[in-house]
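This report goes through selected parts of the structure shown below. The topics are a sheet, the helices around it and a few single residues.

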Amino acid sequence: MLTLAHVTPSIIALETVVPPTVLLQHDVRDVFAAQPGLSRLAQRLVPATFDAAAIETRHSAIAELSWESGAEHPLFFLPASGLLLSPSTRVRNELYTEQAGQLYVEAAKKACASLDTDRITHVITVSCTGFFAPGPDFLVARELGLRPGVQRFHLGFMGCYASMPALRLARQLVLADPAAVVLVVSVELCTLHVRSSSDPDQIIAASIFADGAAAAVVAADAVEGFGCSLDAFESVVTPVGEADMAWTIGDEGFEMVLSSYVPKIIDEYIEGALEPLLQGRAGEVERWAIHPGGRSILDRVQSTLKLSDEQLTPSRETLRDFGNMSSATVLFVLKNILATATPGERICAMAFGPGLTVESGLMTAN
């Protein structure tokens, strides 16, 4: 039996899922640029912002966004005219309930494919792009046939960094009970809330946000040659930036504030935010799982921390192929890294969100 002194909570499975509708960045750019009512400034900002995003493809749970959707009663997009519609928050959340529910279950089943699900003691679900109750934690437990006494938690509306505290909670649960097996599932459907607008913040949101899901299993029985140990976590709130990254509920979806000052704030405070975790040993970290909140954020992190192009490749590839999927994104980056990591390599994972909050974690490849 494992004793507390020898418990090493580790990710023993990590899988990702995306919805089937693919958005080509140049097509989405042209649709948004052609929307009626844009200001003159917005007419210049839309193509420039989309082209500078370093994104090629994204995925969406909105099947209507495909030119071939053939929806009988479209609610989000009219392919014949290229007009983006403005459904209510209720309509958007109803689609979230349907589509996110499917992705939660698909990602969870994929991550648990090699696991006896009777071993799962805890479920942690994560999302900031919709709500329903009984919630996704209940849905996952029911659809996977987990035991009635499984403990369930939902981390909601925390933003892009939320998978990090979810992993930290999973680690704490395993440290408290070495027999614990914790399933963490993040699902974000950001495109449900995208809209045409002349507001620069909304234009940035439309150019980068996407949909995706990721699931990880955390337990004390590390898998040799796969995954990573969860060594330590830290959370730091910068002294400025509270108004520069925010997420509120409007009548036509959730409204994102993502100001152009965010990269500058991260640039100024990132080293201090990492110091409690790394304690001056950043040079010992070989791999970096940086949440790709946007190209300019990655540029600032790379420059400030003096990281190589190779160290930023997993983050830039995730941004290029999937866009910013809010809380699920850092798990996509981590999966990319773990596919090629050498046992013993140190990994620093980091994500940013409202607050402005910097969540970071130190890990070691198994």
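Cys 348 stands opposite Leu 362 of strand β15. The model is a predicted one. Strand β15 covers residues 357-365, and its partner β14 covers residues 346-353. Eight bridges join β14 to β15, and the two strands run antiparallel. Another residue pair in this ladder involves Arg 346, whose bridge partner in β15 is Thr 364. Three residues lie between β14 and β15, which form a hairpin. In the turn, Gly 355 has a positive phi of about 145 degrees.

Strand β15 also pairs with β10 (residues 228-237), through nine bridges and again in antiparallel fashion. Here Glu 234 is placed opposite Ser 360 of β15.

How many of the nine residues of β15 are buried? Nine of the nine are, so the strand is largely enclosed by the rest of the structure. In a regular strand, side chains alternate between the two faces of the sheet. In β15, Thr 357, Glu 359, Gly 361, Met 363 and Ala 365 point one way. Val 358, Ser 360, Leu 362 and Thr 364 point the other way, and the residues of both sets are all buried.

The wider sheet is open and consists of nine strands in the order β7-β6-β8-β9-β1-β10-β15-β14-β13, with mixed pairing. Its edge strands are β7 (151-156) and β13 (287-290), each of which pairs on one side only. On average, neighbouring strands are turned by 25 degrees against each other, with direction ignored.

Two helices that pack on this sheet are compared in the table.

| Helix | Strands touched | Angle between directions |
|---|---|---|
| α4 (residues 136-143) | β6 (122-127), β7 and β8 (181-189) | about 140 degrees with β7 |
| α8 (residues 295-305) | β13 and β14 | about 135 degrees with β14 |

Helix α4 thus touches the edge strand β7, and helix α8 touches the other edge strand, β13.

A helix pair is formed by α1 (residues 25-33) and α2 (residues 40-51). Their axes come within 9 Å and cross at roughly 170 degrees. An angle over 145 degrees counts as roughly antiparallel, and α1 and α2 are therefore roughly antiparallel to each other. On the α1 side the contact is made by Gln 25, Val 28, Arg 29, Phe 32 and Ala 33. On the α2 side the residues are Val 46, Pro 47, Phe 50 and Asp 51. By class, this contact has six nonpolar, one polar and two charged residues.

Helix α10 (residues 329-338) is mostly covered, with eight of its ten residues buried. The buried residues of α10 are Thr 329, Val 330, Leu 331, Phe 332, Val 333, Leu 334, Ile 337 and Leu 338.

Next, the cysteines. The structure holds zero disulfides. Cys 190 is in none, and the nearest cysteine sulfur, that of Cys 128, is 6.0 Å away. Cys 190 is buried at a relative accessible area of 5%. Why is the sulfur of Cys 228 not bonded to that of Cys 348? The two sulfurs are 12 Å apart, which is too far for a bond, although Cys 348 holds the closest cysteine sulfur to Cys 228. A pair would have to lie within 2.5 Å to count as a disulfide. Cys 228 is buried too, with a relative accessible area of 0%.

Two further residues have C-alpha neighbours that are distant in sequence. Thr 21 is found in strand β2 (residues 21-24). Is Thr 21 buried or exposed? At 11% relative accessibility, Thr 21 counts as buried, because the limit for that class is under 20%. Its C-alpha atom is separated by 6.5 Å from that of Ala 61, 40 residues apart along the chain. Apart from neighbours within four places in sequence, Thr 21 is in contact with Arg 58, His 59, Ser 60, Ile 62, Ala 63 and Ser 66.

Leu 175 belongs to helix α5 (residues 163-176). With 30% relative accessibility, Leu 175 counts as partly exposed. The C-alpha atoms of Leu 175 and Val 7 are separated by 6.3 Å, and these residues are 168 residues apart along the chain.

Technical notes. Residues numbered from 1 in each chain as written. Predicted model: local features only at pLDDT ≥ 70, side-chain atom pairs only at ≥ 80, totals over all residues. Heavy atoms only, no water. Buried < 20%, exposed > 50% of the residue type's maximum accessible area, 1.4 Å probe, protein only. Helix = DSSP H or I, 4+ residues; strand = E, 2+ residues; numbered from the N terminus. Pairing = 2+ DSSP bridges. Contact = heavy atoms within 4.5 Å. Axes fitted to C-alpha atoms, helices over the stretch in contact; angles between N-to-C directions. Parallel < 35°, antiparallel > 145°, perpendicular 65-115°, else oblique. Nonpolar A, V, L, I, M, F, W, Y, C, P; charged D, E, K, R; others polar.
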